[in-house]
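Student: Could you walk me through this one before I set anything up? I'd like to begin with the cysteines and then jump around a bit.

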Amino acid sequence: MRTTNDLTPPAATAAAILPLVGGAANVTSVAHCMTRLRLGLRDRTLVREDALRSLPAVLGVVADDDSYQIVLGPGTVARVTPAFEALVAGTAGAPVTGTADALAARGAEWKAARQQRNATPLKLLLRRIANIFVPLIPALIGCGVIAGLGGLLVNLGWLPSLTPALAAIASGFMALIAVFVGHNTAKEFGGTPVLGGAVAAIVVYAGVAKVTAFGMTLAPGQGGVLGALAAALLGTYVEKWCRRWVPDALDVLVTPTLTVLLTGLVTLYVLMYTAGELSTAIGTGANWLLDHTGVFAGLVLGGLFLPLVMLGLHQALIPLHTTLIQQQGYTVLLPVLAMAGAGQVGAALAVYVRLHHDQSLRTTIRSALPAGLLGVGEPLIYGVSLPLGRPFVTACAGGAAGGAFVGLFSTLGDKIGSTAIGPSGWALFPLLKGTGGLALTAAIYAGGLLTGYVVGFAATYFFGLGRTVGGVRAIGGVGTVGGGGPVGGGGTVSGVCDSSKEGQDTDPGGNPPP
């Protein structure tokens with residue numbers, strides 16, 4: 001038998017995790033987002049959480065109503081998940097035996113069903129929207145980096161024969177992103193994915209320029225990802241209606257035809273125009289907000305983003321980012337929101353300096369800080385600032401200051417944005433684009449990060465921590481909260497990973513997070 005030392009690192013990590021979550025028989029589903037392995041578990045009491053947190057590859061854990069989430073970080077999770085799925089498939093299948101085991105499994109299923117009933121419609125909808133767009137992020141990042149490289153070569157006047165090829169490579173995915181959105185929408189809502197892609201493809205087909213709706217000639221791509229999402233969603237409901245009424249003998253012929261025909265007509269004569277107006281309004285509104293109220297808008301967006309992540313409401317921003325990228329080439333919102341991560345880093349550094357007697361917490365911060373600098377904020381949010389209470393608020397203050405800095409330059413006419421969603425922190429530099437030159441754009445973003453670091457540090461150092469007596473810190477009158485390793489969980493600072501942990505994070509003294 002092979003030991004974990006004989007396995008590849010992803011397989012070794014998967015093999016180490018599986019027994020700590022109750023074994024294959026306890027796993028009901030496996031999925032992943034940008035940073036987390038998301039597991040459905042029959043009985044969460046079987047999880048050995050302390051041992052799980054101590055694994056070198058594990059940055060933290062989160063438990064919400066729907067899944068048990070293990071934070072592994074970007075890249076790592078994409079390699080560990082297939083290995084974990086293979087391991088579960090290879091060892092699953094053992095029946096549940098014994099009355100106690102059967103009752104425990106049934107009780108866990110009832111509990112999961114009750115939690116599902118208690119899930120709010122808004123959060124379920126936002127989670128579904130995230131499931132549509134999150135799988136597209138790797139392509140957005142790759143194409144965004146290539147677009148940035150091509151733009152740099154153009155500005156420098158280097159390799160003029162290569163830059164057209166780079167532009168084609170970077171633009172190909174964005175030209176057809178509506179098709180992928182339609183495919184994922186139909187898949188998420190229970191339709192046939194290829195039919196969702198087919199009706200969404202109408203949005204980007206060049207021939208729509210010959211169609212007139214509401215007295216206006218349509219343009220290819222009008223409505224963008226919002227039009228594609230609406231078309232695919234409508235197509236899914238038309239398909240389901242056809243499945244109920246069309247005889248089985250005719251289903252294979254009639255259902256796809258009616259789905260594409262009826263949905264296509266509504267897409268051309270209603271959805272493309274309507275979604276186009278909405279997309280234009282989103283772009284105009286975002287630009288107006290930063291052009292005319294830049295400091296205030298940056299203050300609010302940068303300061304409130306961490307609470308949005310905590311509540312799971314940040315997922316609503318994903319379609320807005322994607323719409324802005326498709327419409328303008330970059331999203332002006334992401335650099336402002338990324339300042340929340342800077343405030344988080346500054347707050348963590350202040351905790352590290354002030355609480356020098358708490359070696360456990362300092363170890364956690366040392367482990368989580370590199371990821372935080374690169375925009376992966378889970379370990380710092382849920383392992384440091386949120387459990388302590390006030391440092392979470394002072395981290396928000398740092399984010400607000402950084403957002404105000406970026407917003408100020410937007411008001412002055414130097415707007416910056418990101419050509420993709422997903423990365424944050426230092427990792428966002430290759431994706432930056434703005435109205436000024438590359439150097440100015442990078443300088444504004446770096447200035448925002450520095451402002452967030454400094455204000456987050458100062459606010460936490462002077463106002464975010466109580467007195468320290470004999471090595472034991474008093475936070476609002478409550479004793480120490482600690483952890484022995486990189487604990488974490490929740491949404492990423494870039495806002496693309498779906499999860500919330502509201503109501504679950506309190507310090508041992510019972511002091512709830514703000």
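Student: So how many disulfides does the structure hold?
Tutor: Zero disulfides are found in this structure, and please keep in mind throughout that we are looking at a predicted model.

Student: Okay, and is Cys-143 buried or exposed? Same question for Cys-242.
Tutor: Cys-143 counts as buried because its relative accessibility is 14%, which is under the 20% cut-off. Cys-242 is buried too, with a relative accessible area of 0%.

Student: Since it's predicted, what pLDDT does the chain average?
Tutor: The average over the chain is 81, and 83% of the residues score at least 70. Going element by element, helix α9 (residues 193-204) has the highest mean pLDDT, 95, whereas strand β9 (residues 468-469) has the lowest, 40.

Student: Which stretches should I be wary of?
Tutor: Residues 1-6 have a pLDDT below 50, and beyond near neighbours in sequence that stretch makes three contacts in the model. Residues 93-104 also stay under 50, and for them the model has three contacts beyond four places in sequence. Where pLDDT is low, the predicted coordinates should not be read in detail.

Student: Switching topic: what's the overall make-up?
Tutor: The chain has 19 helices and 10 strands, and of its 514 residues, 50% count as buried. If you take the contacts with a sequence separation of 6 or more, 74% of them are between residues 24 or more positions apart. About 22,100 Å² of the chain is exposed, with carbon and sulfur atoms supplying 68% of that area.

Student: Which residues form the nonpolar patch on the surface?
Tutor: The patch is formed by Leu-149, Leu-152, Leu-156, Trp-158, Leu-159, Leu-162 and Leu-438, which together have about 640 Å² of accessible area. Helix α6 (residues 137-156) gives the most to this patch, with three residues.

Student: Where does Trp-158 sit, then?
Tutor: Trp-158 is in the loop between α6 and α7 (163-175). This tryptophan counts as exposed because its relative accessible area is 55%, and the cut-off for that class is over 50%.

Student: Now charges. How many salt bridges does a search of the whole structure find?
Tutor: The search finds five. Side chains of opposite charge can pair when their charged atoms come close. One of these bridges joins the side chains of Arg-128 and Glu-188, at 3.7 Å from N to O. Arg-128 lies in helix α5 (residues 121-133) and Glu-188 in helix α8 (residues 177-188), so this pair ties together parts that are 60 residues apart in sequence.

Student: And are those two buried or exposed?
Tutor: Arg-128 counts as partly exposed at 35% relative accessibility, and Glu-188 is also partly exposed, with a relative accessible area of 22%.

Student: What about Glu-239 and Arg-243?
Tutor: Their side chains meet in a salt bridge at 2.9 Å, N to O. Both residues lie in helix α10 (residues 224-245), four residues apart, which is about one turn of the helix. Glu-239 is buried, with a relative accessible area of 5%, whereas Arg-243 is partly exposed at 38%. Glu-239 and Arg-243 are also linked with Asp-251 in a network of salt bridges.

Student: How far apart in sequence are the parts that Lys-415 and Asp-291 tie together?
Tutor: The side chains of Lys-415 and Asp-291 meet in a salt bridge at 3.2 Å, N to O. Lys-415 lies in the loop between α18 (390-411) and β7 (416-418), and Asp-291 in helix α11 (residues 248-292), so the pair ties together parts that are 124 residues apart in sequence. Lys-415 is buried, with a relative accessible area of 10%, while Asp-291 is partly exposed at 26%.

Student: Last one: what does Phe-133 touch?
Tutor: Phe-133 is found in helix α5 and is buried, with a relative accessible area of 1%. Leaving aside residues up to four places away in sequence, Phe-133 touches Val-181, Val-225, Leu-229, Ile-318, Pro-319 and Thr-322. Phe-133 and Thr-322 are 189 residues apart in sequence, yet in space their C-alpha atoms are 8.4 Å apart.

Key
Residues numbered from 1 in each chain as written. Predicted model: local features only at pLDDT ≥ 70, side-chain atom pairs only at ≥ 80, totals over all residues. Heavy atoms only, no water. Disulfide = S-S within 2.5 Å. Buried < 20%, exposed > 50% of the residue type's maximum accessible area, 1.4 Å probe, protein only. Patch = residues over 30% accessible without salt bridge, like charges linked within 9 Å, V, L, I, M, F, W, Y side chains within 5 Å. Areas by Shrake-Rupley, 256 points an atom, 1.4 Å probe, with all protein chains shown as cover. Salt bridge = Lys/Arg side-chain N within 4 Å of Asp/Glu carboxyl O. Helix = DSSP H or I, 4+ residues; strand = E, 2+ residues; numbered from the N terminus. pLDDT = per-residue confidence, 0-100. Contact = heavy atoms within 4.5 Å.
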